[in-house]
Amino acid sequence: MKTSLIIISVLLVLCVFLPFIIFIYNGTKNTSSIKKQAKLLIQNNGITYAHKEIWRKNFIGISNDNKIITYIKFNSDKSNIIDNINSNDIKQCNIIKNYNNGANKVPYLKSLGLEFIYKSSTSPNLIITFFNVDDDLSEDFELQRIEKWQALIKNIISEPQITKMAS
């Protein structure tokens, strides 16, 4: 009787805690896989980054010379989206927030993006998505992240370009 009680107790404890352990393991495995992919793509890119950040399935970085902004979105089908943006071509950087009304008229954040407006009118504006409710179930400090990157990029854009004059 005592051994059957112990066996049932152990099985019950395993049934409760095992799913949590599996979710945590899979989450860390996916995160480390994305970090490895990002490191490999960055090394192949040949650019060294002064500022860089990896979150969920995204990478953003600014090169040491503040000329290149790189954004990588890792897709599950291995077709990665890579954007190398020249900071000299950017006129403005804006945060775009899209809200939807829920069932009980409470607005919720649908998407969050960083829009790059180019100096030339022939180039279409580029929007980098930091958060989309269709891809991610909950926001994970993306608002603070996007504000940080907007400030960094605005500093790069507003820096005066030093040109050498010939004597």
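## A helix against a set of strands

Strands β2 and β3 form a hairpin with 4 residues between them, and N66 in the turn has a positive phi of about 60 degrees. Helices (H or I, at least four residues) and strands (E, at least two) are DSSP runs here, numbered from the N terminus. Strands pair if DSSP finds at least two bridges between them. This is a predicted model, in which local features need pLDDT of at least 70 and side-chain atom pairs count only at pLDDT 80 or more, while totals for chains, interfaces and linings use all residues. Residues are numbered from 1 along each chain as its sequence is written, and side-chain values use heavy atoms, with hydrogens and water left out.

Let us begin with confidence. The pLDDT, the predictor's confidence in each residue from 0 to 100, averages 82 over the protein chain, and 90% of the residues score at least 70. Among the elements, the lowest mean pLDDT (81) belongs to helix α1 (residues 2–45) and the highest (88) to strand β5 (residues 90–101). Where pLDDT is low, the predicted coordinates should not be read in detail.

Next, the overall layout. The protein chain has 2 helices and 7 strands, and along the sequence they follow the pattern α-β-β-β-β-β-β-β-α. Of the 167 residues in the protein chain, 26% are buried; buried means under 20% relative accessible area, exposed over 50%, and partly exposed in between (1.4 Å probe, protein chains only). A contact means heavy atoms within 4.5 Å. Among the contacts with a separation of 6 or more, 38% come from residues 24 or more positions apart.

Back to the hairpin: β2 and β3 run antiparallel and are joined by 5 bridges. Within this pairing, I60 has Y71 in β3 as its bridge partner. Strand β3 also runs antiparallel to strand β4 (residues 81–86), with 6 bridges between them, and there T70 stands opposite N84 in β4.

Now to helix α2 (residues 142–158). At 1.5 Å a residue, its 17 residues should span 24 Å (1.5 Å times one less than the number of residues), and this agrees with the 24 Å between its end C-alpha atoms. The buried residues in α2 are E142, R145, I146, W149, Q150, L152, I153 and I156. They cover an arc of only 165 degrees around the axis, so they lie on the same side of α2; the arc is that of the directions from the helix axis to the C-beta atoms. What do these buried residues of α2 pack against? Their partners are β1 (49–55), β2 (58–63), β3 (68–73), β5, β6 (107–118) and β7 (126–132).

Two of these helix residues are worth a closer look. E142 counts as buried at 0% relative accessibility. Leaving out residues up to four places away in sequence, E142 touches W55, R56, L112, F130 and F131. Q150 is buried too, at 15% relative accessibility. Beyond its neighbours within four places in sequence, Q150 is in contact with C93, N94, I95 and L114.

Polar contacts add some detail. Such a contact is a pair of N or O atoms within 3.5 Å; within protein, one must be able to donate a hydrogen and the other to accept it, and residues adjacent in sequence count only if both atoms are side-chain atoms.

| Side chain | Partner | Distance |
|---|---|---|
| E142 | R56 side chain | 3.4 Å |
| Q150 | C93 backbone oxygen | 3.1 Å |
| N125 | E115 side chain | 3.1 Å |

The partner of E142 lies in a loop: R56 sits between β1 and β2. Although R56 is not a glycine, it has a positive phi of about 40 degrees. R56 is partly exposed, with a relative accessible area of 29%.

Another loop residue, N125, lies between β6 and β7. Is N125 buried or partly exposed? With a relative accessible area of 41%, N125 is partly exposed. Not counting residues up to four places away in sequence, N125 touches E115, F116, I117 and Y118. The C-alpha atoms of N125 and I90 are separated by 9.5 Å, with their positions 35 residues apart along the chain.

Finally, L109 is found in strand β6. L109 is buried, with a relative accessible area of 16%. The C-alpha atoms of L109 and K97, which are 12 residues apart along the chain, are separated by 7.3 Å.
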